[in-house]
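Work through the exercises below with the structure open beside you. Try each task before reading its solution.

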Amino acid sequence: MVATEARAPAGRRTSLTVVSGLLGLSTLATRFTTLVVMALLTRGAGVEAVGFYGMATLSASFAAAALSLGLPTYLTREAAAGSVSPPVVARIHGGRFVVLMSAAAVAYVVIGVLLPPEAQLAFFLVFVASLFEQWNETAWVLIRGTRSAWLEPLTNTSTGLLLVGACAIDVWLMDGLTLGDAAVYFLVTSVLRSTAAVLVVRILPSLRASRGVRSAQHIRLALPYFASDLLGLFYFRGDVFILAFFVTAVEVGEYVSAAAIIGPAVQVAASMGLGALAYAAPKGTSGTAQANDPLTIFQFFGLAGQGAAGAMFVGLPIATVVLFGDQAGNIPELAMVLTLFLALRFANFGLSAILLARGRAASRLVVLVLSICGSVGFNLALDGRYGAYGAACAMVLNELVVAGSLLWFLRIRELVWPVLISFGHVAAAAWALAGLLTVMGSASASATLGGVILALATVRFVRQRRAAGKLRAATTEDM
């Protein structure tokens, strides 16, 4: 028997790279949309409203992931490979709608018991809107990787701008955006987005063509993705889940808002990880002097993270004033702590890209489990005593667990010292920030530290360029 590799239909293969870039830009635009809505909501209703908004979307994400049984990820892969037909996808998509709306009915009862009356309706509307967002995942699989794939990011970005526009008009015409109004706008735009998804991918014709689906078989095949989806969700949003058990909605809102500020930069780092894979894969067989060089990749991410952190520190004082005004509260200080996390996250994305480039995807799943254990442990130890600041510090400290786990599976000795140096730089920045805050205000301290970091990043960049130039010159002379 000869093993064969499943190949995607030719119509899909030609546009996968372009679609990945478009989806990255769409996700980045969505992050900015969320940040602007949170800023408008903070100015109008206070950070407590943002806290309820964040907890509603978080609970909906966990409910949808638990009830979807890994089917969205499974169908994304199998539909692109051509092993699942559009009628099957359409029937599963319709079944998920019934399941998710049933979950909304149960949630309505639970929300009525747990939340104060003034927040119940808005929380429920945001919850349902988030379920609609999760439901769309099984519709878009029908066009991902095809020539029509650009319609997904276009739809998501357009409805996101519509949401921002509705919130902005509300602020202009009224006294300020309330949580109830924001929830209505969010639900309306989510329904429009879901309707557009159904029409764009032509779900209804495919649904009429279906003649029954072996649901149990597809669920069984999707289960391996189920655990990965839940673990990934808990890794990215578990800190807010744990924090909500220890603090008020106000502190949750401040933390969610601070995390939203650095969210776009984290998305950029994730997109750069795909670029690193593209860099490593072809050069592994090219025979060049720096073919698949892990140190080159890590240095690139380390420098990018240093520059991103410096720019973030410089821009935070202006960004928080423009976005949140006199309702900022503790958001600027929390964002400063999370900016330290940003620098480490860039570096760890580099290590993760190196691991994947070496064909160690299974090892990265173990790293994910270890990082979740670290996140839970740090949050349980710090959140109860330090509140939102504890959650921010836990996010920074957990990157030590991530880096250590990645290094363990990579077993590349020449990376150990550079990784230790990068963490030393972040520790020095944290110490400097604490010292600056004792002698000046938070805005001045953030701008000063950011300027120093950017200057050091520039020096480091110049040195790396000179070293690369000398290496090319020496290589040319030896030829």
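The exercises that follow concern a predicted model.

**Exercise 1. The kink**

Task: Find where helix 13 has a kink, and state its angle.

Solution:
- Step 1. Select helix 13, residues 294-324.
- Step 2. Follow the helix to G315, where a kink of about 50 degrees lies.
- Step 3. Read a little further. The proline P317 comes shortly after the kink.
- Step 4. Go past the end of the helix. G325 follows helix 13 and has a positive phi, near 60 degrees.

**Exercise 2. Positive phi in loops**

Task: Classify L69 as buried, partly exposed or exposed, and do likewise for R411.

Solution:
- Step 1. Locate L69 in the loop between helix 3 (47-68) and helix 4 (71-81).
- Step 2. Check its backbone. L69 is not a glycine, yet its phi is positive, about 55 degrees.
- Step 3. Apply the cut-offs: buried is under 20% relative accessible area, and exposed is over 50%. L69 has 24% relative accessibility, so it counts as partly exposed.
- Step 4. Turn to R411, in the loop between helix 16 (388-410) and helix 17 (413-439). R411 also is a residue other than glycine with a positive phi, near 55 degrees.
- Step 5. R411 has 55% relative accessibility and therefore counts as exposed.

**Exercise 3. A nonpolar patch**

Task: Name the residues that make the nonpolar surface patch of about 640 Å².

Solution:
- Step 1. Mark V106, Y108, V109, V110, V113 and L114; they make the patch.
- Step 2. Pick out V110 and place it in helix 5, residues 86-114.
- Step 3. Judge its cover. V110 is at 41% relative accessibility, so it counts as partly exposed.
- Step 4. Keep the helix geometry in mind. An α-helix has 3.6 residues a turn, so residues three or four places apart point the same way.

**Exercise 4. A buried serine**

Task: List the residues that S257 touches, leaving out those up to four places away in sequence.

Solution:
- Step 1. Find S257 in helix 12, residues 249-283.
- Step 2. Check its accessibility. At 0%, S257 counts as buried.
- Step 3. Collect the contacts: L35, M38, T42, V50, F324 and I331.
- Step 4. Look back at Exercise 1. F324, one of these contacts, falls within the residue range 294-324 of helix 13.

**Exercise 5. Cysteines**

Task: State how many disulfides the whole structure has.

Solution:
- Step 1. Recall that a disulfide is a covalent bond between the sulfur atoms of two cysteines.
- Step 2. Search the whole structure. The result is zero disulfides.
- Step 3. Inspect two cysteines. C167 is buried, at 0% relative accessible area, whereas C393 is partly exposed at 34%.

Definitions and conventions: Residues numbered from 1 in each chain as written. Predicted model: local features only at pLDDT ≥ 70, side-chain atom pairs only at ≥ 80, totals over all residues. Heavy atoms only, no water. Bend = angle between axes of the 7 residues up to and from the residue. Helix = DSSP H or I, 4+ residues; strand = E, 2+ residues; numbered from the N terminus. Patch = residues over 30% accessible without salt bridge, like charges linked within 9 Å, V, L, I, M, F, W, Y side chains within 5 Å. Areas by Shrake-Rupley, 256 points an atom, 1.4 Å probe, with all protein chains shown as cover. Salt bridge = Lys/Arg side-chain N within 4 Å of Asp/Glu carboxyl O. Buried < 20%, exposed > 50% of the residue type's maximum accessible area, 1.4 Å probe, protein only. Disulfide = S-S within 2.5 Å. Contact = heavy atoms within 4.5 Å.
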